[in-house]
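Work through these short exercises with the model open beside you. Try each task before you read its solution.

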Amino acid sequence: MSYENIEVRTEAGKVGIVTLNRPKALNALNDALMTELGDALKAFDADPAIGCMIVTGSERAFAAGADIGAMAQYSFVDVYKGDYITRNWETIRSVRKPVIAAVSGFALGGGCELAMMCDFIIAADNAKFGQPEIKLGVIPGAGGTQRLPRAVGKSKAMDMALTGRMMDAAEAERAGLVSRVVPFDKLADEALGAALQIADFSQIAVMAAKESVNRAFESGLSDGVMFERRLFHALFATADQKEGMDAFVNKRKPAFTHG
Ligand SMILES: CCCCCCCCCCCCC/C=C/C(=O)SCCNC(=O)CCNC(=O)[C@H](O)C(C)(C)COP(=O)(O)OP(=O)(O)OC[C@H]1O[C@@H](n2cnc3c(N)ncnc32)[C@H](O)[C@@H]1OP(=O)(O)O
């Protein structure tokens with residue numbers, strides 16, 4: 001499959017990597033890019049050999065937001081009837097294998113929202129996150145007002161949504177938006193290291209872990225705990241649970257099922 005707005009590759013046959021590729025526009029997210037991104041992630045998700053995915057950008061920008069030039073002329077009818085965002089952005093949330101956002105440079109507006117749709121964010125020390133939509137006379141439209149408070153708390157999320165200010169990688173890590181911060185020249189290796197580690201685990205246990213953690217945002221504590229418990233119980237029906245626990249008892253490396 002050839003793409004215009006992204007680059008796609010695999011590492012070690014088990015990690016799928018998508019690089020946003022509109023450098024002249026700081027990876028501004030247009031409709032074509034988001035459709036290509038969704039298609040690429042769905043293809044990796046369907047590939048039994050792929051255990052984890054990475055979405056990344058350039059040193060200067062993960063993505064500086066949705067494409068303002070593309071949006072400037074749209075009417076309500078355009079975006080409502082075109083099912084703006086729902087039609088393609090939500091695809092990234094439908095993939096069942098983990099997606100790591102490896103963020104350097106600007107992750108603003110839709111770029112920050114895209115990173116938050118991924119399962120966790122590893123940031124370079126030059127990363128800058130923000131939801132500056134207010135400066136354009138709009139508000140975040142791809143989950144920013146919902147995911148950011150859940151990640152960093154109401155006060156910081158409200159501050160960012162109302163002032164449009166950016167926060168740097170260190171503040172983002174302190175606030176809980178970002179899982180790890182590394183020097184830019186270590187970002188690709190850090191993200192790939194995490195992805196390879198995940199891809200070597202039991203693929204069904206990895207998918208269950210992702211599903212269960214995400215359920216925390218969709219249900220009350222008791223329901224979420226019960227959802228987790230039933231998934232935990234269900235994994236005792238898998239060969240990987242037997243292999244993983246037997247390998248520990250017999251002091252050997254487990255050979256999990258991938259795909
Ligand atoms: C039915 C139709 C469906 C269409 C679907 C479209 C896609 C879906 C969108 C929906 C997403 C949900 C809602 C999200 C909304 C947003 O994200 S709004 C945008 C939020 N982002 C911003 O406001 C940041 C805008 N950019 C800047 O503030 C600055 O560029 C910067 C990031 C601070 C960097 O500044 P500087 O270093 O001075 O570089 P610049 O010269 O400004 O930029 C370099 C070139 O990149 C272009 N560019 C930058 N950001 C964008 C952008 N968001 N959209 C388009 N183009 C961008 C900039 O114009 C420069 O280009 P040239 O002028 O040609 O050099």
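The exercises below go from strands to cores, then to the ligand and the loop.

This is a predicted model, in which local features need pLDDT of at least 70, side-chain atom pairs count only at pLDDT 80 or more, and totals for chains, interfaces and linings use all residues. Residues are numbered from 1 along each chain as its sequence is written, and side-chain values use heavy atoms, with hydrogens and water left out.

**Exercise 1. Strand E2 and its partners**

Task: Find which strands pair with E2, and in which sense.

Solution:
- Step 1. Fix the terms. Strands (E, at least two residues) and helices (H or I, at least four) are DSSP runs, numbered from the N terminus. Two strands pair if DSSP finds at least two bridges between them.
- Step 2. Start with E1 (residues 6-11). This strand pairs with E2 (residues 15-20) in the antiparallel sense, over 6 bridges. Threonine 10 stands opposite glycine 16 in E2. Valine 8 stands opposite valine 18 in E2.
- Step 3. Look at the turn. E1 and E2 form a hairpin with 3 residues between them. Alanine 12 in the turn has a positive phi of about 55 degrees.
- Step 4. Go to E3 (residues 52-56). E2 and E3 run parallel and are joined by 5 bridges. Cysteine 52 in E3 is the bridge partner of valine 15.

**Exercise 2. The two faces of E2**

Task: Decide whether the faces of E2 are covered or open.

Solution:
- Step 1. Recall the rule. In a regular strand the side chains alternate between the two faces of the sheet.
- Step 2. Set the cut-offs. Buried means under 20% relative accessible area, exposed over 50%, and partly exposed in between (1.4 Å probe, protein chains only).
- Step 3. Check each face. Val15, Ile17 and Thr19 are buried on one side. Gly16, Val18 and Leu20 are buried on the other. Both faces are covered.
- Step 4. Conclude. 6 of the 6 residues of E2 are buried, so this strand is largely enclosed by the rest of the structure.

**Exercise 3. The nonpolar cores**

Task: Describe the largest nonpolar core and a second one.

Solution:
- Step 1. Define the core. A nonpolar core is a set of buried Ala, Val, Leu, Ile, Met, Phe, Trp, Tyr and Cys residues joined through side-chain atoms within 4.5 Å.
- Step 2. Take the largest. This core has 45 residues. Leu20, Phe62, Val103, Phe129 and Leu177 have the most contacts inside it. Helix H1 (residues 31-46) gives the largest share, 6 residues.
- Step 3. Take the second. This separate core has 17 residues, including Ile17, Ala191, Leu192 and Val206.

**Exercise 4. Around the ligand**

Task: Find which residues come nearest to the ligand, and what polar contacts it has.

Solution:
- Step 1. Define the shell. A residue is near if one of its heavy atoms lies within 4 Å. There are 32 residues around the ligand, and Arg60, Ala64, Ala66, Ile68 and Gly110 come nearest.
- Step 2. Look for polar contacts (pairs of N or O atoms within 3.5 Å). An N or O atom in the side chain of arginine 60 is 2.9 Å from a ligand oxygen. A polar backbone atom of glycine 110 is 2.8 Å from a ligand oxygen.

**Exercise 5. A residue in the loop**

Task: Is asparagine 27 buried or exposed?

Solution:
- Step 1. Locate asparagine 27. This residue is in the loop between E2 and H1.
- Step 2. Check its phi. The value is near 60 degrees, positive in a residue other than glycine. Most residues other than glycine have a negative phi.
- Step 3. Read the accessibility. At 1% relative accessibility, asparagine 27 counts as buried.

Note on methods: Polar contact = N/O pair within 3.5 Å; in protein donor to acceptor, adjacent residues only side chain to side chain.
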